[in-house]
Amino acid sequence: MEEDFDIETLAVRSGIHRSQFGEHSEALYLTSSFVFESAAQAAARFRGDEPGNIYARFTNPTVTAFQERLAALEGAQSCIATASGMSAILSCVMGLLSAGDHIVSSRSIFGSTVQLFGNILSRFGIETTFVSASNASEWEKAVRPNTKLFFVETPSNPLMELSDIAALSAVAKKCGAWLAVDNCFCTPVIQRPLDLGADIVIHSATKYLDGQGRVLGGAVLGSSELMEGVRNFLRTAGPTMSAFNAWIFLKGMETLKVRMDAQSESAREIALWLESRPGVGKVYYPGLPSHPQYELAKRQQKTGGAILSFEVEGGRDAAWKIADSTKLISITANLGDTKTTITHPATTTHGRISPEAREAAGIGEGLLRLAVGLESANDIIRDLSLGLG
Ligand SMILES: *Cc1c(COP(=O)(O)O)cnc(C)c1O
């Protein structure tokens, strides 16, 4: 599709290849293998001399449609779909790195990513140094001659700390490393890391791309050259996205822009209201002028996003009381749903971290994270008021 369409248009119209039946809505091809017209065609497909599908671990037309659509939204040459967000991160590393390589990663990343880098890849000779999300000079100091990859998530979870993608990309380029950005919280509607100099974008499609909390999936995006390595790993090892899930994501992406706009606007209203409430301490939301990186947020993001966190006076008891008093909001660790969710990070997503490390990271017992959905902001505010003070 032509590249100069707006993101709303690309979300609905890109990646479509109609079959002989002329279906208007994207077809779901539930088939694990594909039939050849002749033995010679089979041989040509296997040799790679003729394009076309062979087996769904390699390609499936519904998955290909998902990849083309997300690539269009992120402005990427190539997209590789995976079974989950974590398998996207694993496939990226397995496709591009080798034993003896080194990763510099933000400390403030998804818990399972910390485990993958710190406890699993280390067993295979890939070491990771964790540094501050927002301090680019720490990244430069952590670089070694064998550093291959910078890994960052912005805004961070749950404190909404931003990393300056353009600045990190400059450091990565100087050091000969690739910069990968987990763009799960923002999606391409709010932030396009490749435009800012990143080499790789990672998605957990499970979150906003579906947006309705139904299925797991992920993606790795970047130049065709870089993605070739990731594709080779995926074809062989098999953490492939299912056709059914790809079809769900295709439909989810069609409403991504309107959902992100509406959910961001509600999050901003709720953040402002929380800031004015007695009993509430700090509110962490990149769309608030009080956010220490508000200027960077305005430069790097189109909106403040749909996730915020806030501290309540009275520690864990007060925080749990708010969560337990809600009638509408769901208590869950997930995010990116049309239904608003509330999480107490200190006892759930960040519960495995030692209390000292948690305090040092600023994740106190009174902190709550809210992933704002599509209910009205008024109703969410009323729901939060039930347990507040
Ligand atoms: C959820 C999440 C992941 C992992 O994705 P899964 O689809 O659950 O495997 C990775 N990064 C971020 C920022 C996430 O929120």
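Colleague: Okay, I'm taking buried to mean under 20% relative accessible area. By that cut-off, is Met-160 buried or exposed?

Modeller: Met-160 comes out at 1% relative accessibility, so it counts as buried. Keep in mind that this is a predicted model.

Colleague: Noted. Where does Met-160 sit?

Modeller: In the loop between β4 and α7. Its phi is near 55°, a positive value in a residue other than glycine.

Colleague: Which peptide bonds in that stretch are cis?

Modeller: One is the bond from Thr-154 to Pro-155, with omega near 0°. The bond from Asn-157 to Pro-158 is cis too, again with omega near 0°. Pro-155 is in the loop between β4 (147-153) and α7 (165-175), and Pro-158 is found in the loop between β4 and α7 as well.

Colleague: Let's talk empty space. How many cavities of 30 Å³ or more are there?

Modeller: The count comes to one. The largest cavity holds about 40 Å³ of space.

Colleague: And which residues line the largest cavity?

Modeller: Pro-155 and Met-160 are among them, and so are Phe-185 and Cys-186. The lining also includes Gln-301, Gly-304, Gly-305, Ala-306 and Ile-307. That brings back two residues from the loop we just went through: Pro-155, which follows a cis bond, and Met-160, with its positive phi.

Colleague: What about pockets? How much space lies in the largest pocket?

Modeller: About 960 Å³. Its lining is made up of 49 residues, and the ones nearest the centre are Gln-67, Glu-68, Ala-71, Ala-76 and Gln-77. The elements giving two or more residues to that lining are α1 (7-13), α3 (61-74), β1 (78-82), α8 (187-190), α9 (224-237) and α12 (294-300).

Colleague: Which element gives the most?

Modeller: That's α3, with six residues in the lining of the largest pocket.

Colleague: You mentioned α8. What's the phi of Thr-187?

Modeller: Near 65°, which is positive in a residue other than glycine. Thr-187 is in helix α8, and at 1% relative accessibility it counts as buried, because the cut-off is under 20%.

Colleague: Switching to strands: what does Ser-105 touch, leaving aside residues up to four places away in sequence?

Modeller: Ser-105 touches Phe-117, Trp-139 and Phe-151, plus the run of Thr-128, Thr-129, Phe-130 and Val-131. Ser-105 belongs to strand β2 (residues 102-106).

Colleague: Why does Ser-105 count as buried?

Modeller: Because its relative accessible area is 0%, and buried means under 20%.

Colleague: Now the outside. Which residues form a nonpolar patch on the surface?

Modeller: Leu-28, Leu-30 and Phe-244 do, with about 280 Å² of accessible area together. Phe-244 is in helix α10 (residues 243-254). Its relative accessible area is 37%, so it is partly exposed.

Colleague: Last one: where is Leu-272?

Modeller: In helix α11 (residues 256-275). Leu-272 is partly exposed, because its relative accessible area is 40%. Its C-alpha atom is 8.6 Å from that of Val-283, and the two residues are eleven apart along the chain.

Key. Residues are numbered from 1 along each chain as its sequence is written. This is a predicted model: local features need pLDDT of at least 70, side-chain atom pairs count only at pLDDT 80 or more; totals for chains, interfaces and linings use all residues. Side-chain values use heavy atoms; hydrogens and water are left out. Helices (H or I, at least four residues) and strands (E, at least two) are DSSP runs, numbered from the N terminus. Buried means under 20% relative accessible area, exposed over 50%, partly exposed in between (1.4 Å probe, protein chains only). Contact means heavy atoms within 4.5 Å. Patches are made of residues with over 30% relative accessible area and no salt bridge: like charges are joined within 9 Å, nonpolar side chains (Val, Leu, Ile, Met, Phe, Trp, Tyr) within 5 Å. Accessible areas come from the Shrake-Rupley method with a 1.4 Å probe; for residues, only the protein chains shown count as cover. A salt bridge is a side-chain nitrogen of Lys or Arg within 4 Å of a carboxyl oxygen of Asp or Glu. On a 1 Å grid over the protein atoms alone, a cavity is a set of points where a 1.4 Å probe fits but cannot get out, and a pocket is an open set with protein on both sides within 12 Å along at least five of seven lines; lining residues have an atom within 4 Å of a point. Grid points are joined across faces, edges and corners, and a volume is the space filled by probe spheres set on the points.
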